[in-house]
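Subject: Structure for your files

Hello,

Here is the structure I said I would pass on. My notes on it follow below the entry.

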2 protein chains.
Amino acid sequence: MRVAIIGGGVIGLSIAWRLAQLGVTVSVFETGICGREASWAAAGMLAAHIETEPTEEGLLPLARESQRLWPDFAAELERATGLNVGYRAEGTMMVALTRDDAEKLRFTHDLHRRMDLPISWLSAAEVLSREPYLNPRLSGGVFSPLDGQVDNRLVVAALVKACRSAGCAINENTRVDRVDVTDGRVAGLHVQGDDSVSAFYPADIVVMAAGAWSRAIQGLPTRSRLPVRPVKGQMLALRMDPLAPLLRHVIWAPNCYLVPRLDGRLIIGATTEERGFDRSQTAGGTLALLDGAWRALPGIEELPIEEMWCGFRPGSRDDLPILGTTDTEGLILATGHHRNGILLTPITAKAIVETIISGTPSELIRPFSLARFEATVPA
Amino acid sequence: MRVAIIGGGVIGLSIAWRLAQLGVTVSVFETGICGREASWAAAGMLAAHIETEPTEEGLLPLARESQRLWPDFAAELERATGLNVGYRAEGTMMVALTRDDAEKLRFTHDLHRRMDLPISWLSAAEVLSREPYLNPRLSGGVFSPLDGQVDNRLVVAALVKACRSAGCAINENTRVDRVDVTDGRVAGLHVQGDDSVSAFYPADIVVMAAGAWSRAIQGLPTRSRLPVRPVKGQMLALRMDPLAPLLRHVIWAPNCYLVPRLDGRLIIGATTEERGFDRSQTAGGTLALLDGAWRALPGIEELPIEEMWCGFRPGSRDDLPILGTTDTEGLILATGHHRNGILLTPITAKAIVETIISGTPSELIRPFSLARFEATVPA
C-alpha cells in the first residue's frame, strides 16, 4: 500500500509518522516548508475543556480524547527524536477584568459545569495568587487544571525528524496540482517541484491534510470538494525574562489569550478575520491584541515585541473538522481543524491511521465525515 | 584646509556638501552606513511654527530661518543629484479630539499668537473639510500653512550622492576612536575601519556631528565633552493606497503625529523615552502609537503595518542644539539637534560653514554654543 499525503503540517506529518511506524510506504507533499503555515502560526494551547463554547459541544469527546493522548504522544515524539516539544500541564485560567466580563464568564462556567468539565471558579485573590502580575483590579476567573500547552514549532521540528527517521519521503517545495481519480477511486497525485517539472506519483490512498488550502486541490469530484476556508489570525510574541517570567499559565483574557513559553516568549493571540489569504499585519489587529494583553497584564508595557505573524485556520462550514472516508475510494480527509489543529493532532493521527488500515472510519470520527454537509442540500 | 567630519547623518553630510562646493577638502567618518540612525528614523516634519512649545521659544529664530531655507535647499539638492526629496508644503494641522484636548490646544494656540506665528484656529468642520477621514467627533484644531515635510530618507540618499559628486571622501563602517588634540588644537582623527586597522587622519578642522553618540567620542578635553544623550523614539509606518490616501497633511494628534508620504506610507510617531541605546520595539510603545493614531484616524484599522523602528534623538541638557566653536581650536560642534535635526539641516550647514570659513561663529548660532552650559557651574 502506498499512501500520499497532501500537506506537511502537524496533521499530515503525524499521520505520516504513524503510518511509517507500521511499515507503510508514505510520501508527504508540501507546497512550501513543512509546518510553516497554521502549524507554525498556532499558539499550541491544549485546551479541550476551557475552550469549549456553546456551539462546540459536539467536538468535546474528540478533543478530550486527544488531550488525553497528548502526554504520551509528546513523550514518544521526544524519545523518537531526542527533541523537546515543550509540553506543559500546569493548567489554564480564564480571567474576567470587569463586572461585565465576570457575568459572561459565569455564563460560560455554568455551561462548563452542566457538561461536567473539571473547571473551578476562582475569586480575584485566588487568580492573583496563581499569577501575581495580572491586573490587580480583575474581577475573577476560572481554573482548568487539565488544560496546558505544547510548543507547536518544536512539535513541527520533532515530527519532521520522526517522519524522516521512520522512512517517510518528505517532499517540500512540491505543489500538488491535481488528485488523479479514475473510475471513482484515487490513482495518485500530479505534483510539481522546484524545477517546475510535473510528475505523477501513484498512490492507493491519498490523505487530504492541506488545511486552509484543501479546497484548492484540483481533481476531486464536486461532491468531495471541501467546504474549508482560511480564517485569518494575527498574533505577536513579546520577550520576557525567562528567569523571572511575567506569566506561567496560559491565560484567556477578554479579547486575547496569553501563552508564556519556557524560553521567555510570551505569545499573544489572536484575531479572527474573514480576509481570505491576506497576510498583512494590520494596525487594528495589532492594536486589539496589545490593548487586550495590556489590560490583563500591564507589565507587558516595557517588553520588546519579538515577532508578529499571522496564520490561516482551516475553517469548515460548521467549524468542526472533516475526517475520514468519502465517496471517492482511497480518499481520506483530515482537514478543517479550525483553531484546534494542535490539540487534535494525536487523535487525528490515530483515527485516520485506523481508518486507513481497517478500511472503515473509526467510531470516534464518524460524526466528522464530509457526508454531514450533504444533509443540508434539499432533495 | 582639511576638514574631518565625525558622523554621516544629515547634519554631517550637509556640512560636507557645502564645504566641498567651496573647494574644501572634506572627509566624513561614519561608524555604520550614512544616515541610518536619527536621520533615517525621523519623520521629516518641517514644523518650525506648530511644534513650538513653551520652553522652546529660544529655538524659534533658528528654526524659522532654517524652514525658510528648505525650499531652495531641497531644490538645489534635487538639481545636483537628479533625486527627489519629497518636499511638501501643504501645511500642517494639530487636532483636538476631546474637550480637554481642545483646552490644551487653546493654551498652545494662545502662546503661538503671542509669538505672532501664522497659525489659525479651525472649527471641527473646518478640520474635517481639509481631512475628511479624521475622527468626525473631534473638537477642533489649528492650521499652520507654512509647516510641511520632507522625506528624510530621500534627503539622506540625495546628500550622499551630492557629497560624492562634489568630491567628499565618505568613509562608511569607519569608527572614530579618538580626536587628536595637541597643544589645545585639533590635529586629526584616529579611526578604525572594517579591517580593524587603526589609522590617523590629519585635519585642521574637526566637526562633531555624531548626534546621540557625540558624548562617546574620546580625546576631547573634559570641558569640551558634550552633554548629549540618546532620547529614544519608537515609530511605525502603515501602508495606505497612494491613489486614495487616507490623509494628506501632517497631523499632530494627542499622543502621536501622523505623516502621510506621497508613496502611500503613513508614518506614526513617536515615543519619547530615556532608555539609553536600547533598540527594542516595546508592547507599550507600539500600543500607545497605534491607539493614538486610531483615535485620530479610525480608518487605519485595516491598514497593514509596513515597518516598525526606533531612533535616538541627540538630546542636550536643555534640548537645544550645540553649535559652533569651542575652547579647543579647530573643533566645531554641530550636534544635539534633538527632534529638530531634519528641520535645522539647512541652517546648520550654512552657519557651520560660515563659521569654519570666517573663523568666528555666525550670529544666528551664538546662543547655541557649548559655553552656555558653563554658566551652570558654581564659580
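In what order do the 6 strands of the open sheet in chain A lie? The order is S8-S2-S1-S12-S19-S18, and the pairing is mixed. Please bear in mind that this is a predicted model.

Sheet in chain A

The edges of this sheet are held by S8 (169-171) and S18 (322-325) of chain A; each has a single partner strand, so one side of each has no neighbour in the sheet. On average, neighbouring strands are turned by 20° against each other, with direction ignored. At the S8 edge, S8(A) pairs with strand S2 (residues 25-29) of chain A in the parallel sense, over 3 bridges. Within that pairing, Ala169(A) of S8(A) has Ser27(A) opposite.

Sheet in chain B

Chain B also has an open sheet of 6 strands, with mixed pairing and the order S8-S2-S1-S12-S19-S18. Its edge strands are S8 (169-171) and S18 (322-325) of chain B, each of which pairs on one side only. Here too the average turn between neighbouring strands is 20°, direction ignored. Further in, S1 (residues 2-6) and S2 (residues 25-29) of chain B run parallel and are joined by 5 bridges. Val26(B) in S2(B) is the residue opposite Val3(B).

Interface between the chains

On each side, the contact is made as follows: 21 residues of chain B touch 21 residues of chain A. About 1500 Å² is buried between the two chains, and carbon and sulfur atoms give 66% of that area. On the chain B side, the residues that lose the most area to chain A are Ala283(B), Leu287(B) and Glu302(B), which together account for 33% of what that side buries.

Glu302(B) also takes part in a salt bridge with Arg275(A), in which the closest N and O atoms are 3.0 Å apart. The rule finds 2 salt bridges across this interface. The number of residue pairs in polar contact between the chains, both at pLDDT 80 or more, is 8.

Which elements of chain B each supply at least two residues of the side that touches chain A? They are helix H7 (283-296) and strand S17 (305-316). H7(B) gives the most, with 8 residues. By type, the residues on this side of chain B comprise 10 nonpolar, 6 polar and 5 charged.

Regards

Methods: Residues numbered from 1 in each chain as written. Chains lettered and ligands numbered in written order. Predicted model: local features only at pLDDT ≥ 70, side-chain atom pairs only at ≥ 80, totals over all residues. Heavy atoms only, no water. Contact = heavy atoms within 4.5 Å. Buried area = accessible area lost by both parts, 1.4 Å probe. Salt bridge = Lys/Arg side-chain N within 4 Å of Asp/Glu carboxyl O. Polar contact = N/O pair within 3.5 Å; in protein donor to acceptor, adjacent residues only side chain to side chain. Helix = DSSP H or I, 4+ residues; strand = E, 2+ residues; numbered from the N terminus. Nonpolar A, V, L, I, M, F, W, Y, C, P; charged D, E, K, R; others polar. Pairing = 2+ DSSP bridges. Axes fitted to C-alpha atoms, helices over the stretch in contact; angles between N-to-C directions.
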